[in-house]
Amino acid sequence: MPPASPAVPGVDRRLFLSSLLGVAAAAGLSGCAGAQAADTVTKGSASAPLSSTVPAGTRLKIASYQGVQQLQFKLAGLDDLPFTVSDWVNTGAGPDVINAFRAKSLDVANNAGIPPIQAHFQGYDAKIVGIGITRKPTYVFATKPGSDIKDVQGFKGRKLAFSQGQAQGVVLLRALKQAGLTDDDVQLVPLTSNQFFTALQAGQVDIAPLANSQAPAYLKQYGPKGAHTITSGVVDLLNLLWAPASVLADPAKAAAVAAYVPRWAKGQVWAYEHPDVWNEEFYVKTQNLTLAQARSITALANKPLFPSSWEEAIRWEQETADLLAEGGFVKKFQVGSLFDRRFEGLAAKAVAAEYRR
């Protein structure tokens with residue numbers, strides 16, 4: 001586990017966070033010049049029209065964190081893909097996805113809005129190809145055992161788990177801003193989300209943002225020891241698919257991604273419409289939760305919504321990038337470059353009207 005950030009105020013501390021979270025990416029680039037050159041080698045144009053036919057023999061490596069996408073496709077009968085999935089990659093954290101993109105061990109992934117911003121800041125070119133909208137909070141703030149913190153205002157002066165390259169990081173920054181606090185009012189401890197549980201348990205941090213699906217397991221173990229959760233009402237709007245620009249510049253792979261996007265949307269709708277089956281097959285059988293815990297998670301689930309127009313998503317992504325830039329975590333830029341609008345509306349067209357917006 002990385003050490004807590006040094007108590008250096010202002011930009012120096014923020015640069016420390018940025019550099020620490022970029023270490024893994026940099027470590028994967030031995031022979032950096034060669035890797036960068038490889039990323040720029042393309043077989044076509046990223047602006048070329050998408051083909052409606054996927055050439056025979058096309059293969060994609062797709063992220064399926066905890067087996068979610070793969071299981072949804074199986075249960076919903078969506079696994080008749082017109083291409084070969086050479087690997088369902090069990091990775092979900094933004095920094096891990098960026099590293100996998102760089103290593104060419106992953107072609108398309110499902111994340112929130114922050115990882116594409118972080119990839120851009122690191123100089124890696126990847127594009128958003130599918131968008132879902134969430135309207136209800138998907139994260140709560142968990143306290144360490146024995147904590148007396150009652151609300152977000154109580155975060156002042158405390159140690160907060162912070163992942164700059166993941167949704168949890170921007171949810172934390174938005175919650176602080178909503179409470180009238182800045183990152184200078186707290187101590188940000190740079191971690192990735194898979195380290196949050198351990199950091200809370202060990203008392204390394206006072207607060208960590210946990211997904212709604214993670215909170216029941218944490219509270220089951222540490223609730224009796226005084227751990228609790230705090231809600232803020234902060235929504236993380238974007239649930240998206242993205243892919244390296246080099247993948248999308250390959251006409252065959254771009255066509256395969258375009259075929260995958262509608263099925264990605266349909267898989268989410270199927271899980272939403274079949275909560276009893278999903279609770280049993282995913283949460284109980286693969287996550288070892290009780291049926292009651294599973295039901296408490298699905299009760300908080302967002303109704304899948306897929307926009308025909310990406311304008312709202314682009315505005316939200318710009319607000320997120322600007323918030324990070326204000327804190328000195330990234331440089332200010334226009335996020336429109338992150339969106340491959342050839343894919344705009346593909347997800348929305350694939351679902352019933354009630355799931356479009």
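The following dialogue explains how several features of this predicted model may be read.

Reader: What should be known about the model before its features are read?

Author: The model is predicted: local features need pLDDT of at least 70, side-chain atom pairs count only at pLDDT 80 or more, and totals for chains, interfaces and linings use all residues. Residues are numbered from 1 along each chain as its sequence is written, and side-chain values use heavy atoms, with hydrogens and water left out.

Reader: How many helices and strands are there in the protein chain?

Author: Helices (H or I, at least four residues) and strands (E, at least two) are DSSP runs, numbered from the N terminus. The protein chain has 15 helices and 10 strands.

Reader: What share of the residues is buried?

Author: A residue is buried under 20% relative accessible area, exposed over 50%, and partly exposed in between (1.4 Å probe, protein chains only). Of the 357 residues in the protein chain, 54% are buried. The chain exposes about 15000 Å², of which carbon and sulfur atoms supply 53%; such areas come from the Shrake-Rupley method with a 1.4 Å probe, and for residues only the protein chains shown count as cover.

Reader: How are contacts between residues to be read, and what share of them joins residues at least 24 apart?

Author: Contact means heavy atoms within 4.5 Å. Among contacts between residues at least 6 apart in sequence, 81% join residues at least 24 apart.

Reader: Which strand pairs with β1, and in which sense, parallel or antiparallel?

Author: Two strands pair if DSSP finds at least two bridges between them. Strands β1 and β2 run parallel and are joined by five bridges; Arg59, for instance, has Thr84 in β2 as its bridge partner. Together, β1, α4 and β2 make a right-handed β-α-β unit. A crossover is right-handed if, with the strands pointing away from the viewer, the path from the first strand over the helix to the second runs clockwise.

Reader: Which residues of α4 are buried, and what do they pack against?

Author: The buried residues of α4 are Val68, Gln69, Leu71, Gln72 and Phe73. They pack against several elements, including β1, β2 and β3 (109–111), as well as α11 (251–273) and α12. After α4 comes Gly77, with a positive phi near 70°.

Reader: Is Gln69 in α4 buried or exposed, and which side chain makes a polar contact with its own?

Author: A polar contact is a pair of N or O atoms within 3.5 Å; within protein, one must be able to donate a hydrogen and the other to accept it, and residues adjacent in sequence count only if both atoms are side-chain atoms. Gln69 lies in α4, which spans residues 68–76. Gln69 counts as buried because its relative accessible area is 8%. Its side chain makes a polar contact with that of Asn110, at 3.3 Å. Leaving aside neighbours within four places in sequence, the residues in contact with Gln69 include Trp88, Tyr260 and Trp264.

Reader: Where do the buried residues of a helix lie around its axis, as in α13?

Author: An α-helix has 3.6 residues a turn, so residues three or four places apart point the same way. In α13 (residues 291–298), the buried residues are Gln293, Ala294 and Ile297. They lie on the same side of α13 because they cover an arc of only 100° around the axis, the arc being that of the directions from the helix axis to the C-beta atoms. What covers them includes α9 (215–222) and α12 (275–284).

Reader: How are the two faces of a strand to be read, and which residues of β8 are buried on each side?

Author: In a regular strand the side chains alternate between the two faces of the sheet. Strand β8 (residues 207–211) has five of its five residues buried. Ile207, Pro209 and Ala211 are on one side, with Ala208 and Leu210 on the other. β8 pairs with β5 in the antiparallel sense over five bridges, and Pro209 is the bridge partner of Phe141.

Reader: Which residues other than glycine have a positive phi?

Author: Most residues other than glycine have a negative phi, and most peptide bonds are trans. Lys104 has a positive phi near 60° and is found in the loop between α5 (94–102) and β3. Asn288, in the loop between α12 and α13, has a positive phi of about 60°. Asn288 counts as exposed because its relative accessibility is 67%.
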